[in-house]
Amino acid sequence: MLAQSIQSTAEFMGQKGTVLALIFAFVGGSILGTIFPTFGESVSGHIDFTILLLVFLLLFDVRIQDIAASLSR
């Protein structure tokens, strides 16, 4: 069940899911920053690690399909 869910997520992210996730993240972050300006201060301790992780994953091209394949073995 979990492997099938991961596989379907990997297929979606491999097509257009990554682009959609990035667009929604930018739009969602902009909306949150506009509506709740103090929200950034409360989550700033976690943002640095998250951004570094995302940049690492993008630069080293870790593919969701490869992660899904390794988990299903």
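**Meet the three-helix chain**

Gln4 has 59% relative accessibility, so this residue counts as exposed. That's a handy way into this structure, which is a predicted model. Along the sequence, the chain reads α-α-α, with 3 helices and 0 strands in the tally.

**Gln4 and its far-off partner in sequence**
- Gln4 sits in helix H1.
- Count along the sequence and Gln4 is 68 residues from Ser72.
- In space, though, the C-alpha atoms of Gln4 and Ser72 are 8.5 Å apart.

**The nonpolar patch**
- Val19, Ile23, Val27, Ile31, Leu32, Ile35, Phe36 and Phe39 make up a nonpolar patch on the surface, covering about 710 Å².
- Helix H1, which runs over residues 2–35, is the top contributor to this patch, giving 6 residues.
- Ile31 is one of the patch residues, and its place is in helix H1.
- Is Ile31 buried, partly exposed or exposed? Its relative accessibility is 45%, so Ile31 counts as partly exposed; the partly exposed class lies between the under 20% of buried residues and the over 50% of exposed ones.

**Surface and burial across the chain**
- The chain is 73 residues in length, and 4% of them count as buried.
- About 6300 Å² of the chain is exposed.
- Carbon and sulfur atoms supply 71% of that exposed area.

**How far to trust the model**
- Averaged over the chain, pLDDT comes to 75.
- A score of at least 70 is reached by 81% of the residues.
- Where is confidence highest, and where is it lowest? Helix H1 comes out highest, at a mean of 77, while helix H3 (residues 64–71) is lowest, at 68.
- As a rule, predicted coordinates shouldn't be read in detail where pLDDT is low.

Methods:
Residues are numbered from 1 along each chain as its sequence is written. This is a predicted model: local features need pLDDT of at least 70, side-chain atom pairs count only at pLDDT 80 or more; totals for chains, interfaces and linings use all residues. Side-chain values use heavy atoms; hydrogens and water are left out. Patches are made of residues with over 30% relative accessible area and no salt bridge: like charges are joined within 9 Å, nonpolar side chains (Val, Leu, Ile, Met, Phe, Trp, Tyr) within 5 Å. Accessible areas come from the Shrake-Rupley method with a 1.4 Å probe; for residues, only the protein chains shown count as cover. A salt bridge is a side-chain nitrogen of Lys or Arg within 4 Å of a carboxyl oxygen of Asp or Glu. Helices (H or I, at least four residues) and strands (E, at least two) are DSSP runs, numbered from the N terminus. Buried means under 20% relative accessible area, exposed over 50%, partly exposed in between (1.4 Å probe, protein chains only). pLDDT is the predictor's confidence in each residue, from 0 to 100.
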